[in-house]
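Student: Could we go through this model together, working from individual residues towards the way the helices pack?

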Amino acid sequence: MGMQGVASMLAVALLLGAFAAIPTGVRAIGVCYGVNGDNLPSAGDVVQLYKSNDIDSMRIYFADTSALQALKGSNIGLIMDVGNDNLAAFASDPNAAAAWVRDNVQAFPDVSFRYIAVGNEVAGGDTQNILPAMRNIDGALSAAGFGGSIKAPTAVQSGVTAGFPPSKGTFSAGHMAPIAQYLATTGAPLLANVYPHVSYTENEAQIDLSYALFTASGTVVQDGSKAYQNLFDALVDHLLLRAGERRSRERQDRRVGERVAVGRRRRGHRRQRADVQPEPDQPRRPGHAEAPRGH
C-alpha cells in the first residue's frame with residue numbers, strides 16, 4: 001500500500017476520533033499528502049490548505065523537496081518516509097543514511113520534523129533491512145544534533161499480528177519482536193496503518209459490516225472485561241498490546257510504551273488517516289480519546 005492520491009488530502013480524519021467533531025482527548029489531526037495524480041495543487045497551496053483548516057500534522061511518503069520548501073516556518077508536524085527503496089542502502093551503509101539526513105533533514109531547519117518513518121509496510125526479504133536501517137538513521141539523526149527530538153520508527157499494518165481477540169494476539173511476523181524491542185530503547189512509537197475495511201473484506205463471514213463501519217449499536221466483541229463496538233478499536237489494541245508488552249519487558253515508561261501512531265486507509269475510497277500520535281488510549285485505556293464514529 002503505497003503513496004496516496006490527492007484525494008487523501010481531503011480526507012481529514014481524526015486519530016481515534018470523529019471525522020466531523022474533534023474529541024477533546026485527541027492531541028492532533030493530520031492528513032497524508034499524496035502526490036500520485038494529475039493536475040495537483042502546488043505544495044504551497046497544499047500547505048495553505050492545511051493551515052486554513054487547522055490541520056497540524058502531515059505525512060509525506062518520500063523526501064519531497066517541494067513539500068519541504070513549502071513547509072518551512074509552517075509549524076506543521078511532519079512524518080517523512082525514507083522510502084522502501086532506500087532501506088537496503090541505509091541498512092548496509094551508515095554514510096548513505098547520514099547523507100540522506102543531511103540533504104533532507106538538516107537542510108530544512110525550519111521544518112517541524114517529528115518522525116522519519118524507516119519503511120512503510122515492508123514485506124518479504126526487505127524486512128531484514130528495517131532494523132539496521134533504523135539504527136543507521138537514528139545514528140545519523142543523533143550525529144546531526146537531532147537525537148531525541150526526531151524519532152525513527154517504522155510503519156506497519158495489522159497483518160504483522162495474528163490471533164483473536166486483542167488480548168490473545170501475537171506478532172506473527174518474525175522481524176517485529178526485535179523492532180519492538182529496539183523502539184523501546186529509543187522511545188519511538190510504532191507507526192501503524194490500520195485498515196478495518198480490508199480486514200472486513202478478507203473475513204466477511206466472521207466480521208459484521210456494522211462492526212467495520214462504526215455503526216454497531218452495541219458491543220460486538222467481548223474480550224474479558226473489555227468491550228469492542230468497532231473493528232478499528234480492536235485492531236489498534238491488537239498492535240498497542242503487542243508493542244506495549246515488548247516495551248514493558250524493557251522496563252520503559254508504560255505511557256511511552258503504549259503510544260502508537262495510527263493511520264487508516266479505505267482501499268475503495270483511497271482515504272487515509274495521517275499517522276499522528278495520541279495519548280495512550282483505547283478500550284484498554286479508557287478516558288483519553290473518543291471512539292471513532294462513522295462518516
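Tutor: Let us begin with a residue at the surface, bearing in mind that this is a predicted model. Asn75 has a relative accessibility of 63%, and because exposed means over 50%, Asn75 counts as exposed.

Student: Where does Asn75 lie, and what is its phi?

Tutor: Asn75 is placed in the loop between α3 (65-71) and β4 (77-81). Its phi is positive although the residue is not glycine, and the value is near 65 degrees.

Student: Phe214 also has a positive phi; is Phe214 buried or exposed?

Tutor: Phe214 is found in the loop between α9 (209-212) and β10 (221-223), and its phi is near 65 degrees. The relative accessible area of Phe214 is 10%, and because buried means under 20%, the residue is classed as buried.

Student: Which residue does the side chain of Asn120 touch in a polar contact?

Tutor: Asn120 sits in the loop between β5 (113-117) and α6 (130-143). With 9% relative accessibility, Asn120 counts as buried. At 3.0 Å from the side chain of Asn120, the partner side chain in this polar contact is that of Asn193.

Student: Which proline is joined to its neighbour by a cis peptide bond?

Tutor: The bond in question has an omega of about 0 degrees and follows Phe164. The proline lies in the loop between β7 (161-162) and β8 (170-171), and the residue joined to Phe164 is Pro165.

Student: How many residues does the largest nonpolar core have?

Tutor: In soluble globular proteins, nonpolar side chains tend to be buried together. Here, 53% of the 295 residues of the protein chain count as buried. Met58, Met80, Trp100, Phe113, Ile116 and Ile137 have the most contacts inside the largest nonpolar core. Another core, apart from that one, has five residues, including Ala155 and Leu191, whereas the largest has 67 residues.

Student: Leaving aside neighbours within four places in sequence, which residues are in contact with Met58?

Tutor: Met58 is one of the residues with the most contacts inside the largest core. Beyond its sequence neighbours, the contacts of Met58 include Val31, Tyr33, Val46, Tyr50, Leu71 and Ile76, and also Leu78 and Ile79.

Student: Is α5 roughly parallel or oblique to α6?

Tutor: The axes of α5 (residues 94-106) and α6 come within 8 Å, and they cross at roughly 50 degrees. The crossing is right-handed, and the residues of α5 that meet α6 include Pro94, Ala97, Trp100 and Val105, with Ile137 and Ala140 among their partners in α6. Because an angle of roughly 50 degrees falls outside the ranges for parallel, antiparallel and perpendicular, α5 is oblique to α6.

Student: And how is α6 oriented against α7, roughly parallel or oblique?

Tutor: The axes of α6 and α7 come within 10 Å and cross at roughly 15 degrees, in a right-handed crossing. Residues making the contact include Ile130, Leu131 and Met134 of α6, together with Pro178, Ile179 and Tyr182 of α7. Because angles under 35 degrees count as roughly parallel, α6 is roughly parallel to α7.

Student: Which residue with positive phi follows α7?

Tutor: Within α7 (residues 176-186), several residues are buried, among them Met176, Ile179, Tyr182 and Leu183. The residue that follows this helix has a phi near 80 degrees, and that residue is Gly187.

Conventions:
Residues numbered from 1 in each chain as written. Predicted model: local features only at pLDDT ≥ 70, side-chain atom pairs only at ≥ 80, totals over all residues. Heavy atoms only, no water. Helix = DSSP H or I, 4+ residues; strand = E, 2+ residues; numbered from the N terminus. Buried < 20%, exposed > 50% of the residue type's maximum accessible area, 1.4 Å probe, protein only. Polar contact = N/O pair within 3.5 Å; in protein donor to acceptor, adjacent residues only side chain to side chain. Core = buried A, V, L, I, M, F, W, Y, C linked by side-chain atoms within 4.5 Å. Contact = heavy atoms within 4.5 Å. Axes fitted to C-alpha atoms, helices over the stretch in contact; angles between N-to-C directions. Parallel < 35°, antiparallel > 145°, perpendicular 65-115°, else oblique. Left-handed = near helix turned anticlockwise from the far one by under 90°.
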